[in-house]
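Reader: I would like to learn how to read burial, contacts and charge pairs from a set of coordinates. Can you take me through one case?

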Amino acid sequence: MLVKDSMFNIQRCEVSRISQVNFDDLPFGRVFSDHMFIMEYADGKWSQGSIVPFQNISLNPASSVIHYGQSIFEGIKAFRNVDGRISIFRPEENIKRFNKSAERMCMPQLDKNVFLEALKQLIDVDNKWVPESMEASLYIRPFMFSTDEYIGVKPSETYRFMIFTCPVGKYYAGDVKVKVETHYARSVKGGTGFAKAAGNYAGALYPAKIAQEQGYHQLLWTDAVEHKYIEESGTMNVMFRTGNKIITPALSETILNGVTRDSVLTLARDWGYEVEERRVSVEEIRQLLKDGKLDEAFGAGTAATIAPICSIGFEDANVELPPYSGWEFAPKAAQTLIDIRRGRTNDPFNWNTYI
Ligand code: COI
């Protein structure tokens with residue numbers, strides 16, 4: 001049945017798939033909720049959006065996204081609060097970043113109110129899919145891609161914006177082993193590293209595969225010119241603690257401006273840590289490890305949440321970090337984020353948007 005809503009058309013599925021899902025053992029990104037959002041761009045404007053049953057989409061083989069990769073995405077999470085309400089974590093930040101990515105990739109802007117309303121209504125339609133468990137959440141994947149049926153190289157004139165959601169468990173099952181990458185580069189000055197562009201992830205697959213074959217989970221990317229300075233990890237920003245200092249690579253056009261990164265740094269400052277956002281050399285981290293002064297290292301990202309790094313692979317050696325059981329900052333930050341997102345404590349920075 002098609003219901004005319006104030007802002008979107010809503011077509012509900014006839015039979016929900018939710019009874020087939022084991023919410024006690026959720027993988028990451030393989031289980032999809034019943035509905036998805038879809039909106040088309042043509043003739044310089046967006047059409048009215050629709051919420052429809054989750055389904056395959058069909059594309060003309062000449063669709064420009066397949067050939068030239070005009071495709072961007074976001075990762076956002078929604079949480080079930082202890083009082084039963086559902087909150088979305090800092091969606092405005094993702095919407096801003098989405099529009100920055102769109103600008104860099106010559107794609108149209110999305111109205112932030114339409115984007116936010118689409119998120120809220122889609123989650124509301126699939127509200128039963130938001131997991132109850134403290135370890136799980138509803139991962140939201142908004143994305144946009146070009147749809148012109150033309151194989152000349154130029155910005156497309158037509159696009160599709162979509163959102164689907166997945167109830168998810170952990171992205172990384174345990175502590176993460178990273179390898180400092182000193183040959184391949186994820187991004188360069190003047191490139192697209194700050195954008196959440198699909199191609200950035202495609203280009204990173206091969207170096208990450210080599211690292212995985214060597215027994216690592218992820219790379220620690222370094223600058224493309226000298227491979228001396230740490231940038232980010234494949235799916236998350238990175239941070240280091242030494243004593244009362246939290247050190248992290250400063251944002252630049254080669255690094256993704258992570259929402260979890262900003263949230264963790266905000267908590268750190270609030271708790272009286274000295275936060276240093278600056279160039280962080282591989283040598284500095286190696287020396288801190290050597291001197292026994294690197295207390296913690298972790299990744300921060302929407303999917304990864306806070307992922308403790310247990311070992312760092314340098315060109316000639318793997319160096320272990322102190323055991324996680326003795327860490328003071330990352331576990332507290334992870335727990336505080338859970339508590340804020342679940343409404344178990346107050347939300348001093350107004351990070352929750354309720355649907
Ligand atoms: C996220 O953290 O949401 C991401 O998009 C990273 C990754 C899963 C690609």
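Reader: Is C310 buried, partly exposed or exposed?

Author: First, a caution: this is a predicted model. Burial is read from relative accessible area, and partly exposed covers the range between under 20% and over 50%. C310 has 23%, so the residue is partly exposed.

Reader: How many disulfides are there?

Author: A disulfide is a covalent bond between the sulfur atoms of two cysteines. Here the count comes to zero.

Reader: Why does C13 have no bond to C166?

Author: The cut-off is 2.5 Å between the sulfur atoms. The sulfur of C166 is the closest cysteine sulfur to that of C13, yet the two are 16 Å apart, too far for a bond.

Reader: Now the ligand. Which residues surround it?

Author: Look for residues around the ligand, then for polar pairs. The surrounding residues are F73, G75, Y139, R141, Y171, K196, Y201, T235, T302 and A303.

Reader: Where are polar atoms of Y139, K196 and T302 relative to the ligand's oxygen atoms?

Author: Take the side chains, then the backbone. A polar side-chain atom of Y139 is 2.5 Å from a ligand oxygen. For K196, a side-chain N or O atom is 2.8 Å from a ligand oxygen. T302 uses a backbone N or O atom, at 3.4 Å from an oxygen of the ligand. On its own the ligand has 280 Å² of accessible area, and the protein covers 91% of it.

Reader: K196 was in that list. What does R97 touch?

Author: Leave out residues up to four places away in sequence. R97 then touches E74, K196, L256, N257, G258 and V259. R97 sits in helix α2, residues 91–104. Its relative accessible area is 9%, so R97 is buried.

Reader: How many salt bridges does the structure hold?

Author: There are 23. One of them pairs R160 with E40, at 2.8 Å from N to O. This pair links distant parts of the chain, 120 residues apart: R160 is in strand β10 (residues 159–168) and E40 in strand β3 (residues 35–42). R160 is buried at 13% relative accessible area, whereas E40 is partly exposed at 31%.

Reader: Which residue forms a salt bridge with R261?

Author: R261 pairs with E277, the closest N and O atoms being 2.8 Å apart. R261 lies in helix α5 (residues 259–270) and E277 in strand β16 (residues 274–278), so the bridge ties together parts 16 residues apart in sequence. R261 is buried at 2% relative accessibility; E277 is partly exposed at 34%. E277 also meets R269 in a salt bridge, at 2.7 Å from N to O. R269 is partly exposed, at 43%.

Conventions. Residues numbered from 1 in each chain as written. Predicted model: local features only at pLDDT ≥ 70, side-chain atom pairs only at ≥ 80, totals over all residues. Heavy atoms only, no water. Helix = DSSP H or I, 4+ residues; strand = E, 2+ residues; numbered from the N terminus. Buried < 20%, exposed > 50% of the residue type's maximum accessible area, 1.4 Å probe, protein only. Contact = heavy atoms within 4.5 Å. Near = heavy atom within 4 Å. Polar contact = N/O pair within 3.5 Å; in protein donor to acceptor, adjacent residues only side chain to side chain. Areas by Shrake-Rupley, 256 points an atom, 1.4 Å probe, with all protein chains shown as cover. Salt bridge = Lys/Arg side-chain N within 4 Å of Asp/Glu carboxyl O.
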